[in-house]
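Welcome, and please take a moment to look over the sequence and the 3D model below. The report then walks through a few places in it, one at a time.

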Amino acid sequence: MFLRNVWYVAAWAQDLPSEGMLARKFLNERVILYRDTKGAVHALRDQCPHRAAPLSVGRREGDSIRCMYHGLLFDGAGKCIEVPGVERIPPNLDVQAFPVREQDNIIWIWMGDPALSLKEGPVRLEATSSPDKWFYEPGYLHYNQASYQLIMDNLLDFSHLGFVHENTISGGTASSEVRAQIERFETGVKISRKYYDPLGVPPAFKPLAKFTGPADRWQIYDWRVPGNLLIMESGNARAGVGALEGNIPEDAIRFSSVQALTPETETSTHYFFMQAHDDAERKEEFNDILVRGVKTAFLEDRAMIEAQQRVLIEEPDAPMNAIPADAALNQGRWILKRLLEAENKVSAVA
Ligand code: FES
Ligand SMILES: [Fe+2]
């Protein structure tokens, strides 16, 4: 089950070049994204209403797309504007168009009722859209076999860091032993993790560090259930100078990151991520270190979560026995359930 009436990340803006097309499945529906001659993004169902050929093997013609099976031509709103050799276009040949927005270097898509998309735009993201302050390379991973809910569980419980990411973004187990502070808000959860790490800056971030020795570390983030978004401020500072109380020293490493999960099917997921740093002098070099370091860590997550999903496919009712670290994921799941119920109730009435 998916929330439909929310904005999801469809792509990084740079992944859809001008003149380009990008075929992706969202919420079990095939979609083709493309830019028109002015650069505006359109999203159409990737299935020709004539004989179901995918439009993604068609071709761009100006602001339109032509199906390359029998040549029907569709405009950016999905309207069939030409049937070769036919003067009057027969009915039912329009293709479904989905609302899209390009904002903060992201292409967002709305897979629900188009009228409701007008109420509110996607959430604004400072980390992805402050080119003078935050520097990053966008990242993407595809989960072939994991429901977005299992990945959401993972992101709501960083106690896995010390084990899954021992050699990358964690180091030792200090990050697993801290008890997170959790606050629930209407449609999400705010999580604060602040701790002393005797091992200092974790392996993946060591090349960025300007200090050595033990570190005070923090990860403070919102998990927004609509759109499955993680929005985080995190960092590492020399231990003992008061960073966790807000006195962040000059030589600290600071990050601002966004991660987003967009369901592809019930058991496959698009995972978008970025982790920005604020060191203008070593911008390119750090972008590179970060995108590689973070991606290595997220591949570690993927290996674990896909293995977990394989077990759950064989045994869907496998017992899940709680430990205290599950608190945030339980809240996240509860909010998701409530929002899904509310959406289904409304659509049942409508
Ligand atoms: S299937 Fe597209 S034109 Fe026939
Ligand atoms: Fe992880």
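Leaving aside neighbours within four places in sequence, E264 is in contact with K25, F26, L27, N28, H142, T269 and H270; contact here means heavy atoms within 4.5 Å. This is a predicted model, in which local features need pLDDT of at least 70 and side-chain atom pairs count only at pLDDT 80 or more, while totals for chains, interfaces and linings use all residues. Residues are numbered from 1 along each chain as its sequence is written, chains are lettered from A and ligands numbered from 1 in the order in which they are written, and side-chain values use heavy atoms, with hydrogens and water left out.

Let us stay with E264 a little longer. E264 is buried, with a relative accessible area of 14%; buried means under 20% relative accessible area, exposed over 50%, and partly exposed in between, using a 1.4 Å probe and protein chains only. The side chain of E264 makes polar contacts with the side chains of H142 and S268. A polar contact is a pair of N or O atoms within 3.5 Å; within protein, one must be able to donate a hydrogen and the other to accept it, and residues adjacent in sequence count only if both atoms are side-chain atoms. S170, a serine discussed further on, has a polar contact of this kind with S175, and the table puts the three side-chain pairs together.

| Side-chain pair | Distance |
|---|---|
| E264 and H142 | 2.9 Å |
| E264 and S268 | 2.6 Å |
| S170 and S175 | 2.8 Å |

Where does E264 sit? E264 belongs to strand β17, residues 253–265. Helices (H or I, at least four residues) and strands (E, at least two) are DSSP runs, numbered from the N terminus. Of the 13 residues of β17, 12 are buried, so this strand is largely enclosed by the rest of the structure.

Strand β17 has partners too, where two strands pair if DSSP finds at least two bridges between them. Strand β16 (residues 229–238) pairs with β17 in the antiparallel sense over eight bridges, and E233 stands opposite S256 in β17. Strand β18 (residues 268–277) also pairs with β17 in the antiparallel sense, over 10 bridges. There, T262 has H270 in β18 as its bridge partner. Two residues lie between β17 and β18, which form a hairpin.

Now to other sheets. Four strands form an open, antiparallel sheet in the order β2-β3-β4-β9. At its edges stand β2 (21–26) and β9 (97–98), each with a single partner strand, so one side of each is left without a neighbour in the sheet. Six bridges join β2 to strand β3 (residues 29–35) in the antiparallel sense, with M21 opposite its bridge partner Y34 in β3. A further open sheet of four strands has antiparallel pairing and the order β5-β6-β7-β8. Its edge strands, β5 (59–61) and β8 (80–82), each pair on one side only.

What about the nonpolar interior? A nonpolar core is a set of buried Ala, Val, Leu, Ile, Met, Phe, Trp, Tyr and Cys residues joined through side-chain atoms within 4.5 Å. The largest such core has 63 residues, among which L33 and I109 touch the most other members. Helix α4 (residues 283–314) gives the most to this core, with eight residues. A second, separate core of 16 residues includes L125, A127, A260 and M274.

Next comes the metal site. The iron ion (ligand 2) is coordinated by H160 (NE2), H165 (NE2), D301 (OD) and D301 (OD), at 2.1 to 2.3 Å. Donors are N, O and S atoms within 2.8 Å of the metal (3.2 Å for Na, K and Ca); water is not among the atoms, so sites may look incomplete. The four donor atoms around the iron ion (ligand 2) subtend angles of 58 to 146 degrees, which makes the arrangement irregular. Four donors count as tetrahedral if all angles lie between 85 and 135 degrees; four count as square planar and six as octahedral if opposite donors are over 155 degrees apart and all others between 65 and 115; anything else is irregular. Both H160 and H165 are buried.

H165 also leads to S170, since H165 is among the residues that S170 touches. S170 is found in the loop between α2 (161–164) and α3 (174–177), and S170 is buried, with a relative accessible area of 1%. The side chain of S170 reaches the backbone oxygen of L161 at 3.4 Å.
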